[in-house]
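Got your viewer open? Let's take a walk through this protein, one selection at a time.

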Amino acid sequence: MRKLRGARARLAFSLTRSRGLLQRMRGSLKRRGLAGTVQRALREFRRGKPPAVAVLQGLPQQAATSIVLPAWPQPQVSIVIPVYNKIAYTLACLASLAQHAGKASFEVIVVDDCSSDDTPKSLADVDGLRVVRNTQNLGFVGSCNAGAAAAHGEFVLFLNNDTVVTPGWLEALLRCFAEQPDAGLVGAKLVYPDGRLQEAGGIVFRDGSGWNYGRFEDPADPRYNFRREADYCSGAAIMLRRSLFEQLGSFDRRYAPAYYEDTDLAFAVRAAGLKVYYEPQSTVVHFEGISAGTDTASGMKRYQVVNQEKFLEKWKDALTRQPLPIDDAAKAPHAASFRKSRRLLIVDACTPTPDQDSGSLRMVNLMRLLDALGWQVTFFSENRLYLDGYTPALQALGVEVLYAPYMNDPIRLFRQRGGEFDAILLSRHYVAINYLGLARLYAPKAKLIFDTVDLHYLREQRAAALEHSEELKRKAERTRAQELKLIRECDATLVVSPVEQALLARELPQARVDILSNVHEVFGCRTAFAERKDLLFVGSFQHPPNEDAMLWFARDIFPLVRTALPEVRLHVIGQPVPQALREFESEHFVLHGFVADLEPFMDGCRISVAPLRYGAGVKGKVNMAMSYGLPVVATTAAVEGMHIQAGSDVLVATDASGFAEAIVRLYDDAALWQTLSANGLANVQRHFSFDAAKKALARILA
């Protein structure tokens, strides 16, 4: 029976998805033509590759005299490397530090714990190295403490001598501290020389025992490539602020000569009110066992057993909150993220690109809020592609992003993991319809949420009316039927405006429909009226209403504006630039395409324009402009559902001449400009800020 249900689910998924793709392709062909459709498909399916994992063919050989470490007068990071013999490994480690020295400033301190080989002589030949020589053998714990005592940096980073670092490793650790204000200790991803994963952060169980999460797995697997809290990170590569290390009393000497001192430090960091993070974008190759062997019954390694008892006694109260020991690797992912009490799966059309479209920005900010509310988020896109830059950005937010080739079969994902999710959010009707059945079959306990992004059928109805198109009208009816089906069958539906909520209350009065609108940071007005000039339009041209808006503006509005303001320029930002707009391009009508940093335009232009003739939902271009205190001139369609007071928050016009008159009036009226700037900021703070969205999201998920 189970196999039959699975076969039916697979067939239904394949048919629904194929039918949807065919309908979307037909619509794209009619709207964009063959060339435009092919270009759109190529953009959507541009494939990136996860970063390659370092594989070492044996130990790199390096002469001490050829190693030159950078000299920084005021280093930000002090890298402390305790050594006892094994000079070949130490030199390989130092050479990798020199080779992969990026922009971050650092000093390297090697603590020689009474080595008896060529270590003293060789270290003397390394340019830029600081050496501390112990007068007696102090072991790993004592040597690390001695090195930290000699450090000058804001951060102290403990690095084993049997490691080799990789490009960007140090910058990634520092980035974690910069992006996570509650970070107390951050550890790197450790891999074996043969490319297998050694550790993606550590798990500590209730009995004080530990588990190297991901051991022997593929280090490129998405499960091990998102930033997350860890119980501890191996002392082979960990970093914390030097002041915190001193405040905590350094490594606890009770664990001398070695073992459990790193786990103890992690627990001490948490006891101080901070967190321990695993940072997957920092990769360090570790020749595990070179220094102390691997046999826990003899030699230095025996202290691993001895010190577990000491650790258990010291932290017995804190350990009661840790997970119970496991004997199955399949249970490890849950144990590794047990601090996230609830789990949510998000499925969307593509990986969010928040610097390119409003829907993506909203989705990324919702993920930030979910993390703040204690949810562990798993995400995959319908095309399941890894996008350079954008996928790592989500992973840095703590989102588990699934992508090919590690996740090629959504049905298998739902079958294997559906039971772990407390909620599933399906975004956009043409994506959600494919996964509705799978979610109900394999995740019966999950709260099922349909995120409309905006009501597509409403936008399509308005486009059909504007263009007097029966074909578009029929398409809108098909979309309406699909969206209403999803709203009926899901536990909750999200819309972005009260207008859409009211519409659905009439269409489906029994359905639960909640408002979760756009989410924006409030930057504030940072440039005075007199220091600004020109007009600005921002919008993705993959969204048809934006192309229509700019064509209307270029043909009917901008010539009227130029008559009164001949020097004014319009900056058009968004991609891909429609060919139809190219004929208007000039020194006054500037087509920028994609722009990575919008701030110079938000801070430098005098007016943002939103001449949308149709659409649905809430317009991110208007929200964003107001969040920078940049006044907006818009149509009624562009400000629908935004709690706008026309004339005091935004200037609103309904026709071309009125739109042009509003621009000309505002362009030279400093008092009106300042009123709109202040009121626009207040509007965003009230309705579209992180605080407002967090309250709404907490209520929806309660």
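## Stop 1: a small hollow

One thing before we start: this is a predicted model. Our opening target is the second largest cavity, with a volume of about 30 Å³. The structure holds two cavities of 30 Å³ or more. How do you find empty space in a protein? Rolling a probe the size of a water molecule over the atoms shows where empty space is left.

To see the walls, select Leu-344, Leu-370, Leu-425, Ile-449, Leu-494, Leu-697, Ile-700 and Leu-701, which line the second largest cavity. Which class of residue do you get here, nonpolar, polar or charged? The lining has eight nonpolar residues, no polar ones and no charged ones. Now colour helix H24, residues 690–701: this helix gives the largest share of the lining, three residues.

## Stop 2: the largest nonpolar core

Next, select Phe-158, Leu-185, Leu-240, Phe-245, Phe-251, Phe-311 and Trp-315. These are the residues with the most contacts inside the largest nonpolar core, which has 52 residues. Helix H7 (residues 261–271) supplies the largest share of this core, five residues. Apart from this core lies another one, of 39 residues, with Val-77, Ile-81, Ala-236 and Ala-237 among them.

Zoom in on Phe-251 and show what surrounds it. Leaving out residues up to four places away in sequence, Phe-251 touches Val-141, Cys-144, Asn-145, Phe-158, Ile-238, Phe-245, Glu-261, Asp-262 and Leu-265.

## Stop 3: along helix H7

Stay with H7 and look at the helix itself. How many of its eleven residues are buried? Ten of them are, so to speak, tucked under cover: H7 is mostly covered. The buried ones are Glu-261, Asp-262, Thr-263, Asp-264, Leu-265, Ala-266, Phe-267, Ala-268, Val-269 and Arg-270.

Now check what sits on either side of the helix. After H7 comes Gly-273, with a positive phi near 90 degrees. On the other side, select Tyr-259, in the loop between helix H6 (242–247) and H7. Phi of Tyr-259 is also positive, near 90 degrees, and this residue is not a glycine. Tyr-259 counts as buried because its relative accessibility is 18%, and buried means under 20%.

## Stop 4: backbone oddities

Why pause at a positive phi or a cis bond? Most residues other than glycine have a negative phi, and most peptide bonds are trans.

Select His-468, in the loop between helix H15 (456–467) and helix H16 (470–489). Here phi is near 50 degrees, another positive value in a residue other than glycine. Is this residue buried or exposed? His-468 is exposed, because its relative accessible area is 72%, and the cut-off for exposed is over 50%.

Then look for two cis peptide bonds:

- Ala-404 to Pro-405: this bond is cis, with omega near 0 degrees. You'll find Pro-405 in the loop between strand E15 (400–402) and helix H13 (410–417).
- Gln-575 to Pro-576: this bond is cis too, with omega about -10 degrees. Pro-576 is in the loop between strand E21 (570–573) and helix H19 (579–582).

## Stop 5: around helix H18

Keep Gln-575 in view and add His-543. Their C-alpha atoms are separated by 9.8 Å, while the two residues are 32 residues apart along the chain. His-543 is in the loop between strand E20 (535–538) and H18. With 28% relative accessibility, His-543 counts as partly exposed. Setting aside residues up to four places away in sequence, His-543 touches Asp-454 and Arg-459.

Move on into helix H18 (residues 544–564) and pick Asp-556. Its relative accessible area is 36%, so Asp-556 is partly exposed. Try a distance label from Asp-556 to Ser-657: the C-alpha atoms are separated by 8.1 Å, with these positions 101 residues apart along the chain.

## Last stop: Asn-212

Finish in strand E9 (residues 210–212), where you'll find Asn-212. At 18% relative accessibility, Asn-212 counts as buried. What does its side chain meet? A polar contact of 3.2 Å joins the side chains of Asn-212 and Tyr-232. To see the wider surroundings, show Gln-198, Glu-199, Gly-201, Tyr-232 and Glu-288: Asn-212 is in contact with these, leaving aside neighbours within four places in sequence.

Conventions: Residues are numbered from 1 along each chain as its sequence is written. This is a predicted model: local features need pLDDT of at least 70, side-chain atom pairs count only at pLDDT 80 or more; totals for chains, interfaces and linings use all residues. Side-chain values use heavy atoms; hydrogens and water are left out. On a 1 Å grid over the protein atoms alone, a cavity is a set of points where a 1.4 Å probe fits but cannot get out, and a pocket is an open set with protein on both sides within 12 Å along at least five of seven lines; lining residues have an atom within 4 Å of a point. Grid points are joined across faces, edges and corners, and a volume is the space filled by probe spheres set on the points. Helices (H or I, at least four residues) and strands (E, at least two) are DSSP runs, numbered from the N terminus. Ala, Val, Leu, Ile, Met, Phe, Trp, Tyr, Cys and Pro count as nonpolar, Asp, Glu, Lys and Arg as charged, and the others, Gly among them, as polar. Buried means under 20% relative accessible area, exposed over 50%, partly exposed in between (1.4 Å probe, protein chains only). A polar contact is a pair of N or O atoms within 3.5 Å; within protein, one must be able to donate a hydrogen and the other to accept it, and residues adjacent in sequence count only if both atoms are side-chain atoms. Contact means heavy atoms within 4.5 Å. A nonpolar core is a set of buried Ala, Val, Leu, Ile, Met, Phe, Trp, Tyr and Cys residues joined through side-chain atoms within 4.5 Å.
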